[in-house]
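Biologist: I would like to learn how to read a ligand site in a model, step by step. Could we look at the structure together and begin with the place where the ligand lies?

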Amino acid sequence: MPDNTYTHGHDDSVLRSHRWRTAANSAAYLLPRLRPGLDLLDVGCGPGTITADLARKVAPGRVVGIDASAEVVDEAKASVGRSNLSVTFEVADLFALPFADQTFDVVHAHQVLQHVADPIAALEEMRRVCRPGGVVAARDSDYPSFAFAPEVEDLTRAIAAYGKLTRVNKGNWDAARHLLGWAHAAGYDDVVATASVWCFATDQDRTWWGGLWADRFAGPGSFLGTQLEAHGIADRDDLEAFGAAWRQWAASPDGWFAVLHGEILATA
Ligand SMILES: C[S@@+](CC[C@H](N)C(=O)[O-])C[C@H]1O[C@@H](n2cnc3c(N)ncnc32)[C@H](O)[C@@H]1O
């Protein structure tokens, strides 16, 4: 199992964000490469909403989602299991995938490589289970490029505190900009690199996005807040200020927030 800590944990403030994700809003760059009958692996699948959407695109191909967290795999099984899709979920470490070489046509990871200590080794293992000529696809965000208005000082401090914690946890908060280089270092020589954004600028989106981040920092039982305190990066007063800052931003009718993502499609 992973030798580093997944910074966000899997409390409700995190899963509220993951459950919103679809292939359209989080894997659009990959969709033109999909067709019925392809076998697809989704590594670090979380609660499996993107996995399920991808399964609809490749049916009747075999689709498997794996994640290191048994808790989130159970949630994926329960929610996607209610559909008629042919998808299975397993607990596994992406550095030791429980599949033979060349098992899948597509191996996908959304917002996973930013959280692992050795993203190059991860890309190598993803290629091992991908058939020659198949596609290894990854998309990650870039926290230092988060852009927002209006300016809220404690929001900038909150994002910087998150960045410090990712370094303690051996993650890369600027993964988006490194995906192409990591793929080259992993030995891929045919890589298409692109970028796309999530933008939150409606009342409904602001309430959802600002609220879930407020809870990640200051909510009861927040894994992120607990770690920030444990590592001396923030104290309780800071966490309360960070939560208030997210809510202040969300309450502004002028509130606009953009999350830059890097994407790669690498030929195996
Ligand atoms: C930000 S979440 C993304 C979940 C999903 N891909 C999505 O976008 O909704 C990252 C996921 O990667 C998983 N993860 C982190 N390290 C892992 C590893 N070494 N092996 C498998 N899963 C891992 C975490 O448990 C977490 O569920």
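Modeller: This is a predicted model, and in it the ligand sits in the largest pocket.

Biologist: Which residues come nearest to the ligand?

Modeller: The shell holds 20 residues, and among these Arg21, Gly44, Asp67, Asp93 and His110 come nearest to the ligand. Sorted by class, the shell is made up of 10 nonpolar, 7 polar and 3 charged residues.

Biologist: How should I read the polar contacts, and which atom of the ligand does the side chain of His110 approach?

Modeller: A polar contact is a pair of N or O atoms within 3.5 Å. By that cut-off, an N or O atom in the side chain of His110 pairs with an oxygen atom of the ligand at 2.7 Å. Two further contacts use the backbone: an N or O atom of Gly44 lies 2.7 Å from a nitrogen atom of the ligand, and a backbone N or O atom of Ala68 lies 3.1 Å from a nitrogen atom of the ligand.

Biologist: What share of the accessible area of the ligand does the protein cover?

Modeller: On its own the ligand has 600 Å² of accessible area, and the protein covers 98% of that.

Biologist: Turning to the protein itself, is Ala109 buried or exposed?

Modeller: A residue counts as buried when its relative accessible area is under 20%; Ala109 is buried because its relative accessibility is 0%. Ala109 belongs to strand 4, which spans residues 104–110, and its C-alpha atom is 6.3 Å from that of Ala137, although the two residues are 28 residues apart along the chain.

Terms used
Residues are numbered from 1 along each chain as its sequence is written. This is a predicted model: local features need pLDDT of at least 70, side-chain atom pairs count only at pLDDT 80 or more; totals for chains, interfaces and linings use all residues. Side-chain values use heavy atoms; hydrogens and water are left out. A residue is near a molecule or strand if one of its heavy atoms lies within 4 Å of it. A polar contact is a pair of N or O atoms within 3.5 Å; within protein, one must be able to donate a hydrogen and the other to accept it, and residues adjacent in sequence count only if both atoms are side-chain atoms. Accessible areas come from the Shrake-Rupley method with a 1.4 Å probe; for residues, only the protein chains shown count as cover. On a 1 Å grid over the protein atoms alone, a cavity is a set of points where a 1.4 Å probe fits but cannot get out, and a pocket is an open set with protein on both sides within 12 Å along at least five of seven lines; lining residues have an atom within 4 Å of a point. A molecule sits in a cavity or pocket if more than half of its atoms lie within 2 Å of its grid points. Ala, Val, Leu, Ile, Met, Phe, Trp, Tyr, Cys and Pro count as nonpolar, Asp, Glu, Lys and Arg as charged, and the others, Gly among them, as polar. Helices (H or I, at least four residues) and strands (E, at least two) are DSSP runs, numbered from the N terminus. Buried means under 20% relative accessible area, exposed over 50%, partly exposed in between (1.4 Å probe, protein chains only).
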